[in-house]
Amino acid sequence: MRVVVLGAIGVWLWRGADLSALADALRRVPPLTLAACFGLGLVNVVNAGYRWRLLMRAFGAAPLPSVRSLVRLMAVGLFYNTYVPGSVGGDVVRGVVSRRNFDTAAASYVVVALERLIGLSALGLVFLVGLATAPPLLDYRAVAPWIGGLVLLGVGILIAARASGRLAGWWGQIPRVSRATDLVVAFAVSIVGHSINILMFFMFARALGIGVSLATLAVVTPLAFVAAVLPLAIAGIGPREAALVGLLGMAGVEAAEALAMSLAYAAVLLAVAGIGGLLQLLGVGLKLDSDTSRSSEGAPPPG
C-alpha cells in the first residue's frame with residue numbers, strides 16, 4: 001500500500017512541477033539558510049527533551065532523568081521516527097527505556113503518548129490562530145467536516161480504550177498527575193516547537209523570494225505535518241510534499257517553489273535525525289542519567 005500511495009503522490013508531484021524550475025529553486029536555497037535551519041532543528045530536539053521531562057515530572061517519574069539524557073534519547077527517537085516507516089518506532093524506544101522510572105511499565109508509554117497528544121493539541125491551536133489571522137485560504141465549511149471527523153475519531157478511540165478489557169487495565173495504570181502546572185508548561189513548550197518549524201519554512205520562503213506570510217504558513221504547515229504523520233512514508237516525504245504543494249498553491253505559490261521548500265525542510269530533518277542514529281551507534285543515546293541535583297525538585301533547567 002505504501003508503494004502504491006507514494007507512487008501516486010510521486011507521479012502527481014512530478015507531473016505538476018517543472019523539473020527544471022524545481023532544480024533552479026533548490027539551487028536558490030543558500031547553504032547559510034540550510035545551516036541556520038539545521039541549528040533550529042537542534043534547538044527543537046532540546047525543546048522536545050525538556051517537554052518530555054516536564055511530563056515525566058508531572059506524572060511522578062522517579063528517579064527523574066536529567067534534561068541532557070532525555071535530549072539524547074529524544075534524538076535517538078527522532079532517528080527511528082524519521083528513518084523507519086511508521087513514524088512511531090522512536091516513541092516505542094523512548095517508552096521502553098523510560099519504563100524503569102515509573103511504578104508500572106505501561107506508565108512510560110502513556111506519558112509518551114500524552115506527549116504526542118499535547119503536541120497535536122498545540123498544533124491545532126497554532127492552526128486556529130493561523131485561520132483567524134491569515135488571509136482567506138480555506139473554505140471553513142469544507143474543513144469543518146474533516147475537523148469534526150477527527151474529533152469524533154479521537155472520542156471513539158477513548159471510549160473503545162475505556163470499554164475494552166485489556167485497554168481498560170492499561171487505562172487504570174495511568175499515573176496520577178502530581179504537578180498539573182507542568183502540563184500547562186509542556187503545552188506552551190509545544191507551541192514554541194511548532195513556531196520554530198513554521199519559522200524554518202518562512203526562512204526557506206524568504207530565501208526563494210516567496211511572499212508568503214507567517215500567518216499563512218501557520219495554516220498550511222500544521223496540515224502538512226499531520227499528513228506527514230501518516231504511516232505511509234519515511235521522514236514524511238510524500239504526503240507532506242503533496243499537502244504543501246496543494247495548500248501553498250491556493251496562496252499563489254508555484255508548485256516547484258513549494259516542493260523546493262518542502263524538500264529543503266526534509267533535508268534538514270534527515271540531517272538532524274541522523275545525529276540520533278550516530279548517538280546510538282556510539283552507544284550513548286539510550287542511557288538515562290538521573291538528575292539528583294536540587295533542580296529536579298524545582299523548575300527544570302531550560303536546556
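Here are some notes on this predicted model, point by point.

1. Start with the overall fold. The chain has 303 residues, and 45% of them are buried. Its secondary structure consists of 12 helices and 0 strands. Reading along the sequence, then, you meet α-α-α-α-α-α-α-α-α-α-α-α.

2. Next, the charged pairs. Side chains of opposite charge can pair when their charged atoms come close. In this model the count of salt bridges is 8. Some of them are worth finding in the viewer, and the next points go through them.

3. Arg28 is a good place to begin. Asp24 makes a salt bridge with Arg28, with 3.3 Å between the closest N and O atoms. Glu257 forms a salt bridge with Arg28 too, and there the closest N and O atoms are 3.4 Å apart. That second pair links distant parts of the chain, since Glu257 sits in helix H12 while Arg28 is in the loop between helix H2 (19–27) and H3, 229 residues away. How accessible are Asp24 and Arg28? Asp24 has a relative accessibility of 34%, so it counts as partly exposed. Arg28, at 31%, is likewise partly exposed.

4. Now go to Glu115 and Arg51. Their side chains meet in a salt bridge, at 3.2 Å from N to O. Glu115 belongs to helix H6 and Arg51 to helix H3, so this pair ties together parts of the chain 64 residues apart in sequence. Are these two buried or exposed? Glu115 is buried, because its relative accessible area is 2%, under the 20% cut-off. Arg51 counts as buried as well, because its 14% also falls under 20%.

5. There is a wider set of charges to look at here. Arg51 and Glu115 are part of a network of salt bridges that also takes in Asp91, Arg94 and Arg116. Try showing these five side chains together.

6. The loop between H3 and H4 deserves a look of its own. Most residues other than glycine have a negative phi, and most peptide bonds are trans. Which residues are joined by a cis peptide bond? Ala62 and Pro63 are, with omega at about -5 degrees. Pro63 lies in the loop between H3 and H4. Ser66 is found in the loop between helix H3 (31–58) and helix H4 (67–83), and it counts as buried because its relative accessibility is 15%, under 20%.

7. Gly49 gives you a handle on how this region folds back. Ser66 and Gly49 are 17 residues apart along the chain, with 9.5 Å between their C-alpha atoms. Ser69, which is in helix H4, is 20 residues from Gly49 in sequence and 8.4 Å from it in space, C-alpha to C-alpha. Ser69 has 0% relative accessibility, so it counts as buried.

8. Further along helix H4 you come to Met74. Its C-alpha atom is separated by 9.8 Å from that of Asn47, and the two residues are 27 apart along the chain. Met74 is buried, because its relative accessible area of 10% is under 20%.

9. Then there is a pocket to inspect. Rolling a probe the size of a water molecule over the atoms shows where empty space is left. The second largest pocket holds about 160 Å³ of space. Which helices each supply at least two residues of its lining? They are helix H6 (105–133), helix H9 (180–207) and helix H10 (214–229). H6 gives the largest share, 5 residues.

10. As for what lines the second largest pocket, there are 9 nonpolar residues, 3 polar ones and no charged ones. Among the lining residues are Leu125, Val126, Val129, Ile191, Ile198, Leu199 and Leu214. Gly130, Thr133 and Ser195 are in the lining too, as are Ala215 and Ala218.

11. Finally, look at the surface around the end of H12. Leu278, Leu281, Leu282 and Val284 form a nonpolar patch there, with about 400 Å² of accessible area together. Where does Val284 sit? Val284 is in the segment after helix H12 (255–281). At 31% relative accessible area, Val284 is partly exposed, and it can join a patch because patch residues need over 30%.

Technical notes:
Residues numbered from 1 in each chain as written. Predicted model: local features only at pLDDT ≥ 70, side-chain atom pairs only at ≥ 80, totals over all residues. Heavy atoms only, no water. Patch = residues over 30% accessible without salt bridge, like charges linked within 9 Å, V, L, I, M, F, W, Y side chains within 5 Å. Areas by Shrake-Rupley, 256 points an atom, 1.4 Å probe, with all protein chains shown as cover. Salt bridge = Lys/Arg side-chain N within 4 Å of Asp/Glu carboxyl O. Helix = DSSP H or I, 4+ residues; strand = E, 2+ residues; numbered from the N terminus. Buried < 20%, exposed > 50% of the residue type's maximum accessible area, 1.4 Å probe, protein only. 1 Å grid on protein atoms, 1.4 Å probe; cavity = no way out; pocket = protein on both sides within 12 Å on 5 of 7 lines; lining within 4 Å. Points joined across faces, edges and corners; volume = space filled by probe spheres on them. Nonpolar A, V, L, I, M, F, W, Y, C, P; charged D, E, K, R; others polar.
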